[in-house]
Structure formats: structure tokens, C-alpha cells
Amino acid sequence: NSPAPVQVTMGGATVFVVDVEQFYKYESAVMSKGISQAEEWLLSAIKRGHIPHACFISCPDGLIAEGIARRAAALYCTGAADAAMLSHTGNCIIPSGYRKDTIREEVIEELGRSSFSGGKRSVLLLNAHEIDPATQNVLLKTIEEPPDGVLFLLTGNDAGILPTILSRCATVLCGLPMYDD
């Protein structure tokens, strides 16, 4: 049996904990299942409409975290967890860089405009730990009080994220899949 994921509320944020150490005791398929359990929890919360306005996806493998974030954004914006659908909608914002002026123009100002196609919008901040603290502070107010129908999805290493940002996000922790040597 794989360990059950635990959902905990801390500081007003919902935290989904998958105990990585426990997973190392099991086969690689079970470890991968831990990742899918975390993703399943996130997608299920979106489907039910019980999603906070910001989620931080923490996974040692950035590509896995990015895939989860893209599928979550697609589900939120289009109703289908197919990341390929993001290219068919203008409702997903992925900034071209993390400089202050880029974040102001491509995220904050864009969210201040009406959506071209209407509906829900998402903002993907991939490898958010690469955003410098001053730029994270620029984002803080928007993450705290986003416009209606906006979901922020951040990925990365929590050590590089300001505590004020993390405290406003639900955290989805994923283990790293084990690979055979």
C-alpha cells in the first residue's frame, strides 16, 4: 500500500503533502503514483471549483512540475486537462521573462484588461524561484488579490520564493520518480 496523501491547512493555505521519504520505500511505479496523486488532487480541486487563487507546485523535477501546471491551467481555462489546448486560447499568460517591467506589462497590466475570449485566465510562473525578490514583491499584491477568474500557478524550488508569496499559495508537493540504474 502506498501512503495516503495528507491535506493540511496552514496559515490560510491548503497544503497537500506527499511524504517523499515514505515513497522511497516502494517501487518506482508507486513513486510515480505519488506524483499522479498530487496532480489528481489539484485537477480534482479545479474541477470541483475548490481551488485557491494561487498554487505553488513543488517538485524536484521541473519538467514534471511544468507539465502539471500546464494541465491544471488548461483545465481551469478550457475545461479539459490537455496542455496542448493552451495554445488555442489567449487565456493563459506565460511571461517572456522575469524582469520587473516584463512582469508589470505581461502579467499585471494584462490581467487589468478584459480577456479577449472571455472566461477564466491562468498565469504560469515556471521556475518561479528564478524571480528576484524585488520582482516577487511587484507580483505580491496581484497574487494576494487577483481579478475574478484568475488562477496563478507557480512552479519551482520553495527556497527561492518569498515567504509572503508562499503564504498566499496552496502548495502541492510532489516526490521525484525513481529510475532504474
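Student: Which residue follows helix 3, and what is the sign of its phi?

Tutor: G79 follows helix 3, and its phi is positive, near 90°. By the way, this is a predicted model, where local features need pLDDT of at least 70, side-chain atom pairs count only at pLDDT 80 or more, and totals for chains, interfaces and linings use all residues. Residues are numbered from 1 along each chain as its sequence is written, and side-chain values use heavy atoms, with hydrogens and water left out.

Student: What makes helix 3 a helix, and how does its span compare with the expected one?

Tutor: A helix here is a DSSP run of H or I with at least four residues, a strand is a run of E with at least two, and both are numbered from the N terminus. Helix 3 has 17 residues (62-78). The expected span is 1.5 Å times one less than the number of residues, which gives 24 Å; the end C-alpha atoms are 24 Å apart, so the two agree.

Student: Why is N127 called partly exposed?

Tutor: Buried means under 20% relative accessible area and exposed over 50%, with partly exposed in between (1.4 Å probe, protein chains only). N127 has 29% relative accessibility, so it counts as partly exposed. N127 sits in the loop between strand 5 (121-125) and helix 5 (133-144). Its phi is near 55°, a positive value in a residue other than glycine.

Student: How do you know whether strand 6 is enclosed or open?

Tutor: Six of the six residues of strand 6 (150-155) are buried, so the rest of the structure largely encloses it. In a regular strand the side chains alternate between the two faces of the sheet. Here V150, F152 and L154 are buried on one side, and L151, L153 and T155 on the other.

Student: What makes strands 3 and 5 partners of strand 6?

Tutor: Two strands pair if DSSP finds at least two bridges between them. Strand 3 (54-58) runs parallel to strand 6 with four bridges, and strand 5, also parallel to strand 6, has five. R121 has V150 as its bridge partner in strand 6. From strand 5 the chain passes through helix 5 to strand 6 in a right-handed β-α-β crossover, meaning that the path runs clockwise with the strands pointing away from the viewer.

Student: Which residues does L153 contact, leaving aside neighbours within four places in sequence?

Tutor: Contact means heavy atoms within 4.5 Å. L153 has such contacts with C55, I57, A69, A72, A73, V123, L124 and L125.
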